[in-house]
Amino acid sequence: MAKMTISDMVDVAGCSYPEGNQTDGAKWLREVQAAGEEMIRDLKGDYPSEYPQDRLHEVADGQVPIYTNKLWNIWVDLGGYYFDGEYRDFSSNSDTGDMMNRVAQADCYEWAQSILYNMAQDAEVEM
């Protein structure tokens, strides 16, 4: 399995290129890649799953930062303000108190999901 570059991950995720190689956004992209490599090893090796798409969503969810500062550093670094994410509709939920954090979390989830799915396809993991 060929290792994706930051540029590859940015293209797949649909986010912006990070400001530098050591920014929170760039580090996060590499963390998503490392989690994807582990997921693929598990799915192809000792821990195959009957539902690999569930495993992919679980790993993507685990990559969403829980600390506000890190979340926003990543979101801003990867140009979340330009991104029109698929998971941004929270209109069915009347609790708007944490709406802005949910937008950033949803975008990070969507970026991670796109990268992980691409990695799984490249590794020929049945989805």
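Let me begin with lysine 3, which is exposed in this predicted model, its relative accessible area being 57%. Its partner is glutamate 37, and the two side chains form a salt bridge in which the closest N and O atoms are 2.9 Å apart. This pair links distant parts of the chain, since lysine 3 sits in the segment before α1 (6-13) whereas glutamate 37 belongs to helix α2 (residues 24-44), with the two positions 34 residues apart in numbering. The two ends of the bridge also contrast in their surroundings, because glutamate 37, at 16% relative accessibility, falls under the 20% limit and counts as buried, while lysine 3, at 57%, is exposed.

By the rule applied here, the count of salt bridges in the structure comes to 4, and I would like to turn to two others that meet at arginine 55. Arginine 55 forms a salt bridge with aspartate 42, and in this case the closest N and O atoms are 3.4 Å apart. Because arginine 55 lies in helix α3 (residues 52-62) and aspartate 42 in helix α2, the pair ties together parts that are 13 residues apart in sequence. Aspartate 42 is buried, with a relative accessible area of 17%, and arginine 55 is partly exposed, with a value of 24%.

Arginine 55 also meets the side chain of glutamate 58 in a salt bridge, at 3.0 Å from N to O. Here both partners lie in helix α3, 3 residues apart, which is about one turn of the helix. An α-helix has 3.6 residues a turn, so residues three or four places apart point the same way. Through the shared partner, the salt bridges join Asp42, Arg55 and Glu58 into one network.

Staying with α3, which of its residues are buried? They are Pro52, Leu56, Val59 and Ala60. Seen down the axis of α3, the buried residues fall within an arc of 100°, and so they line one face of the helix. That set of buried residues packs against α2 and α5, whereas on the other side of α3 we find Glu58, Asp61 and Gly62 exposed. Glu58 is thus a member of the salt-bridge network as well as one of the exposed residues on that other side of α3.

Let me move on to the aromatic residues. The structure holds 4 aromatic pairs, and one of them is formed by tryptophan 72 and tryptophan 75, which are arranged edge-to-face, 5.0 Å centre to centre and with 75° between the planes. Both tryptophans lie in helix α4 (residues 68-77), 3 residues apart, or about one turn of the helix. Tryptophan 72 is partly exposed, with a relative accessible area of 22%, while tryptophan 75 counts as buried, at 9% relative accessibility.

A further pair is made by tyrosine 81 and tyrosine 82, whose rings are tilted with respect to one another, with 4.7 Å from centre to centre and 55° between the planes. Tyrosine 81 is partly exposed, with a relative accessible area of 48%, and tyrosine 82 is exposed, with a value of 66%. Taken together, Trp72, Trp75, Tyr81 and Tyr82 form one aromatic cluster.

The two tyrosines also take part in a surface feature, for Val76, Tyr81 and Tyr82 form a nonpolar patch with about 370 Å² of accessible area together. Valine 76 is found in helix α4, and at 42% relative accessibility it counts as partly exposed.

Which residues does asparagine 101 contact, leaving aside its neighbours within four places in sequence? The contacts are with Thr68, Leu71 and Trp72, and the last of these brings us back to the aromatic cluster, of which Trp72 is a member. Asparagine 101 has its place in helix α5 (residues 99-122), and at 15% relative accessibility this asparagine counts as buried.

Finally, I would draw your attention to glutamate 124, found in the segment after α5, where phi is near 60°, a positive value in a residue other than glycine. Glutamate 124 is exposed, with a relative accessible area of 68%.

Key
Residues are numbered from 1 along each chain as its sequence is written. This is a predicted model: local features need pLDDT of at least 70, side-chain atom pairs count only at pLDDT 80 or more; totals for chains, interfaces and linings use all residues. Side-chain values use heavy atoms; hydrogens and water are left out. Rings of Phe, Tyr and Trp (its six-membered ring) pair if their centres lie within 6.5 Å; planes under 30 degrees apart count as stacked, over 60 as edge-to-face and the rest as tilted. Helices (H or I, at least four residues) and strands (E, at least two) are DSSP runs, numbered from the N terminus. Buried means under 20% relative accessible area, exposed over 50%, partly exposed in between (1.4 Å probe, protein chains only). Patches are made of residues with over 30% relative accessible area and no salt bridge: like charges are joined within 9 Å, nonpolar side chains (Val, Leu, Ile, Met, Phe, Trp, Tyr) within 5 Å. Accessible areas come from the Shrake-Rupley method with a 1.4 Å probe; for residues, only the protein chains shown count as cover. Contact means heavy atoms within 4.5 Å. The arc is that of the directions from the helix axis to the C-beta atoms.
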